[in-house]
Amino acid sequence: MFENLSERLSGVFDKLTKQGALSEDDVKTALREVRVALLEADVSLPVARDFVKAVQDKATGQQVTKSVTPGQQVVKIVHDELKHVLAGDNEDPGELKIDNPPAPILMVGLQGSGKTTTTAKLALRLSQKSGKRVLMASLDTNRPAAMEQLAILGKQIGVDTLPIVKGEDPVAIAKRAKQQATLGGYDVYMLDTAGRLHIDEELIAQAAAVRDVANPRETLLVVDGLTGQDAVNVAENFDREIGVTGVVLTRMDGDGRGGAALSMRAVTGKPIKFVGLGEKMDALETFEPDRIAGRILG
Ligand code: GDP
């Protein structure tokens, strides 16, 4: 995902670290190149601009040019700033608030973003890694195939799904999921809402109605990381209309440019909690800013 950006930045920093002494102009030139590299990676303009300014201010404040290893110091400042832009002050992005069983998790997102796959991946993770009893329910009454898909994935990973009752509406399904989760002693129940190709009134109205009856502890938005700044726009919209507590970026195994990951928190204020790295059920990782910053810097 970050190959191009990483290559560009290594080029800039190789030059910088090979040079012994640095002038302020050398740092400025390097940061101009960093800015271009960020924009090419589809990072939003204000985020790229603020990023470069923050690095510039820190480099000046720490009198980098007068230090013994100025190039390395700039790289360290960039690394820390990357971490900050990726996660803000959130130290533990993979953490979910799911105490007080049964805790509802609402999954929202556009059709094709990977929502159903991610619901199952996360259910597997919660049951395997955290020992939680999880119940999944599909609320996508417009697409019976999507409801079937969740049931199939549930069987495959050994996680229970709420039996499908024909003709039931999403709010009724959410209520039944809650009831079954309570009676069945589940720790968590996950509501996989309907997706559509675009955000429209019906989608929002339905998700909001479900949110109001379920009162979710977490509302996770699933967005396709390959769509760059669009992913960030989608997140802003969902957050405004429904309110989200975290983002899952899918297709981070693909050859997108990485801009969505870099702009998401700064633009929406919402943490990326997990990343999808493939179609398989175990291809979900917690979003670790330190590791990702390291990967970007190569
Ligand atoms: P939904 O319409 O949002 O529920 O999307 P689905 O969960 O049905 O996923 C659509 C397609 O994307 C499926 O073929 C998934 O296997 C695939 N997919 C989901 N997440 C990822 C991911 O992280 N990486 C890759 N490469 N494919 C993914």
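Trainee: What makes the backbone of Gly114 and the ligand a polar contact?

Mentor: In this predicted model, a backbone N or O atom of Gly114 lies 2.9 Å from an oxygen atom of the ligand. The cut-off for a pair of N or O atoms is 3.5 Å, so the pair counts as a polar contact.

Trainee: Which other residues pass that test, and how do you know?

Mentor: Try Asp253: an N or O atom in its side chain is 2.7 Å from a nitrogen atom of the ligand. That is within 3.5 Å, so it qualifies. Then there's Gly276, where a polar backbone atom is 3.2 Å from an oxygen atom of the ligand, and 3.2 Å is within 3.5 Å too, so that one counts as well.

Trainee: How much of the ligand does the protein bury?

Mentor: Taken alone, the ligand exposes 580 Å², and the protein buries 81% of that.

Trainee: Where does the ligand sit?

Mentor: In the second largest pocket. To say "sits in", more than half of its atoms must lie within 2 Å of the pocket's grid points, so the ligand meets that mark.

Trainee: And what surrounds the ligand?

Mentor: 18 residues do, and the closest are Gly112, Lys115, Thr117, Arg251 and Asp253. By class, the shell has 2 nonpolar, 10 polar and 6 charged residues. Gly is put with the polar class, so Gly112 goes there. Helix α5 (residues 115-129) gives the most to the shell, with 4 residues.

Trainee: Why is the bond between Pro101 and Pro102 called cis?

Mentor: Look at omega: about -5° for the peptide bond joining them, and that bond is cis. Pro102 lies in the loop between α4 (70-87) and β1 (103-109).

Trainee: What makes Gln63 worth a look?

Mentor: Gln63 has a positive phi, about 45°, although it is not a glycine. You'll find Gln63 in the loop between α3 (45-61) and α4.

Definitions and conventions
Residues are numbered from 1 along each chain as its sequence is written. This is a predicted model: local features need pLDDT of at least 70, side-chain atom pairs count only at pLDDT 80 or more; totals for chains, interfaces and linings use all residues. Side-chain values use heavy atoms; hydrogens and water are left out. A residue is near a molecule or strand if one of its heavy atoms lies within 4 Å of it. A polar contact is a pair of N or O atoms within 3.5 Å; within protein, one must be able to donate a hydrogen and the other to accept it, and residues adjacent in sequence count only if both atoms are side-chain atoms. Accessible areas come from the Shrake-Rupley method with a 1.4 Å probe; for residues, only the protein chains shown count as cover. On a 1 Å grid over the protein atoms alone, a cavity is a set of points where a 1.4 Å probe fits but cannot get out, and a pocket is an open set with protein on both sides within 12 Å along at least five of seven lines; lining residues have an atom within 4 Å of a point. Helices (H or I, at least four residues) and strands (E, at least two) are DSSP runs, numbered from the N terminus.
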